[in-house]
Amino acid sequence: MCGYISKKSLLPLSLLAIFVIFMPSQAQSGIISDATEACLDCHISITPGIVGDWQKSRHSQVSMNEAIAKSDLEKRVSSSDLPEEERGFVIGCAECHMINNETHTDSFDHNDYTIHTVVSPPDCATCHAVEWDEYQKNIMSKAYSNLMDNSLYIDLVNSINGVQHFSDNAITADIADDTTNASACLACHGTKVTVDGFFERETELGEMTFPVLNGWPNQGVGRINPDSSIGSCTSCHPRHQFSIETARKPATCAQCHKGPDVPAYKVYQASKHGNIYESEKHHWEFNAVPWTVGQDFTAPTCAVCHISLLVDEEETVIAKRTHQMNDRLDKRLFGLIYAHPHPIDANTSIIKNKAGLPLPTELTGGSVSEFLIDEAEQGIRLENIKSVCRSCHSSGWVNGHFVMLDKTIETTNEMTLTATKLMSQIWEEGYVEGLPQGKSVFDDAIEKKWVEQWLFYANTVRFSAAMAGADYGVFANGRWQMSKNLREIHDWLETHRQLKK
């Protein structure tokens, strides 16, 4: 981003030509602020990809005044107190990178402007306050702390990401370093982005100062930003188009939901819904607000079920837009260690079961009910998702689907309980050290088989049932593996019993 350049500035004619060619007619008819125009004057040649993305965006084409003039159903901004002095401008570089500078520790002087690198959800909340408020109630918003502030999960992370060594006939593992975690688990969960001073470097425009950012780059859903806020809107609305079309397509969710622990995207591809999407998506309208069922699309994507504002052809609301996402989900299919009702608070690191473990369930399979939503709230959320299903299916079809899902949750929890009973017996008889000895439950080969039972196999079966892709959950990390895995754990235990004799 460069300082403002007046009309008297002598930019090269070739640079001006590029600028004119790349600027879309919509943005030219809108009003660009002086500060944003100054950014564009330089960045059209320095980072043309970024500028090109912005020029294709709705931000570059619609002013705040035009946005708030839309009808309630069409409106994409939700804030009621937009800054008066900026309402006539389109949303450009300055409107995002120069706002709330006082809260950003990554703010720095840049060619006579103060800017910050990391645009955070509170910055976006200037126009999208409701979405930001809802997102903070979403478990994904706390994805960093839910992982890194949970002692049990940290142990799992270290067992996966820590470098292992073989010495003196034993394997030892290091604590996973921050950079490795950032390129592994925290790529999706989000890193903690901090400022470690500033440095100067030569650029095409002379020497400039920039912040040193640790944990960057990252666009994880629970990222902790330099202004101490949580989350990253660009997880689903990538920079710098921030496209609603991109966010509505399953490939966006697939960045973090491909499996085998959360195989939602692979299940979707195997489902009839995914089949229709692949066949018909080129006929669908992904930019419409509101999104009309049967007119704009004819089969659900992830956004249809969990996020988007849906209406019928008479503009009757089927489902309100939400960025909380779990308010259309009564149960949490992700087994930790068993499927269970959704947590009341998005911060799951506060949960403790009767044994003192930071888990939403007991090892014996029961739920830690005081931290989880009650039956009444489950009923409300179940009805929310059923109303989406009924926009295409009969009540009999929808009810039958959820009967099968409930049965799947019951059976996969029971199969996980069987594996846990076997693992508990292995610990108690001392064949490996685990919970009873106060040791890691993730570092031995047999323990990893127990983890696979609930983290991979049970999860796959449940997601397959929930998303109408049941066949994927039979042989692709599903029911076959669950039954085979139990036999192998049992055989391991019996073999060691015989060796002990």
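In this predicted model, strands β3 and β4 (residues 170-173) run antiparallel and are joined by four bridges. Together β3 and β4 make a hairpin with two residues between them. Read on for a helix that β3 helps to cover, a cluster of aromatic rings and a single disulfide.

**The β3-β4 hairpin**

- Q164 has A173 in β4 as its bridge partner.
- In the turn of the hairpin, D168 has a positive phi of about 55°.
- As a reminder, the strands of a sheet pair through backbone hydrogen bonds, and the pairing can be parallel or antiparallel.

**Helix α10 and its surroundings**

- Helix α10 spans residues 151-161, and its buried residues are L152, Y153, L156, V157, N158, S159 and N161.
- β3 (164-167) is among the elements that cover these buried residues.
- The cover also includes the helices α9 (143-148), α11 (178-182), α12 (185-189) and α20 (445-466).
- If you are looking at the start of α10, find N150: one of its side-chain oxygens comes to within 3.0 Å of the backbone nitrogen of L152.
- An α-helix has 3.6 residues a turn, so residues three or four places apart point the same way.

**The disulfide and two other cysteines**

- The structure contains one disulfide, and it joins C188 to C256 with an S to S distance of 2.4 Å.
- The disulfide links distant parts of the chain, 68 residues apart: C188 belongs to helix α12, while C256 sits in the loop between α14 (250-253) and α15 (264-270).
- Because the torsion about the S-S bond of C188 and C256 is about -100°, this disulfide is left-handed.
- C188 is partly exposed at 23% relative accessibility, and C256 is partly exposed at 31%.
- Why is C39 not bonded to C93? The closest cysteine sulfur to that of C39 is in C93, but at 4.4 Å the two are too far apart for a bond.
- C39 is buried, with 1% relative accessibility.
- For C305, the closest cysteine sulfur is in C389, and the separation of 6.1 Å is again too far for a bond.

**Aromatic rings and charges over them**

- The structure has 13 aromatic pairs.
- In one pair, the ring centres of Y277 and F286 are 6.4 Å apart and their planes meet at 80°, so the pair is edge-to-face.
- Both partners are tucked away from solvent: Y277 is buried at 7% relative accessible area, and F286 is buried at 3%.
- Y277 and F286 belong to a cluster linked by ring pairs, together with Y268, W284, W291 and F297.
- W291 also has a charged neighbour, as R248 lies over the face of its ring at 4.0 Å from the ring centre.
- Elsewhere, the charged end of R201 sits over the ring of F210, with 4.4 Å to the ring centre.

**The three-stranded sheet**

- Strands β7, β8 and β9 form an open sheet in the order β7-β8-β9, with mixed pairing.
- β7 (291-292) and β9 are the edge strands, so named because each pairs on one side only.
- β8 (residues 310-311) and β9 run antiparallel and are joined by two bridges.
- Across this pairing, V311 stands opposite V317 in β9.

**Two buried residues worth a look**

- V304 is part of helix α17 (residues 302-306) and is buried, at 3% relative accessibility.
- Which residues does V304 touch, leaving aside those up to four places away in sequence? They are W291, F297, L310, R328 and V388.
- Two of these contacts, W291 and F297, bring in members of the aromatic cluster.
- V304 and A319 are 15 residues apart in sequence, and their C-alpha atoms are 9.0 Å apart in space.
- N326 is found in the loop between β9 (317-319) and β10 (331-332).
- Is N326 buried or exposed? At 6% relative accessibility, N326 is buried.
- Not counting residues up to four places away in sequence, N326 touches K137, N138, I139, H342 and R381.

Definitions and conventions
Residues numbered from 1 in each chain as written. Predicted model: local features only at pLDDT ≥ 70, side-chain atom pairs only at ≥ 80, totals over all residues. Heavy atoms only, no water. Buried < 20%, exposed > 50% of the residue type's maximum accessible area, 1.4 Å probe, protein only. Contact = heavy atoms within 4.5 Å. Polar contact = N/O pair within 3.5 Å; in protein donor to acceptor, adjacent residues only side chain to side chain. Phe/Tyr/Trp six-rings, centres within 6.5 Å; stacked < 30°, edge-to-face > 60°. Lys NZ or Arg CZ within 6 Å of the ring centre and 35° of its normal. Disulfide = S-S within 2.5 Å.
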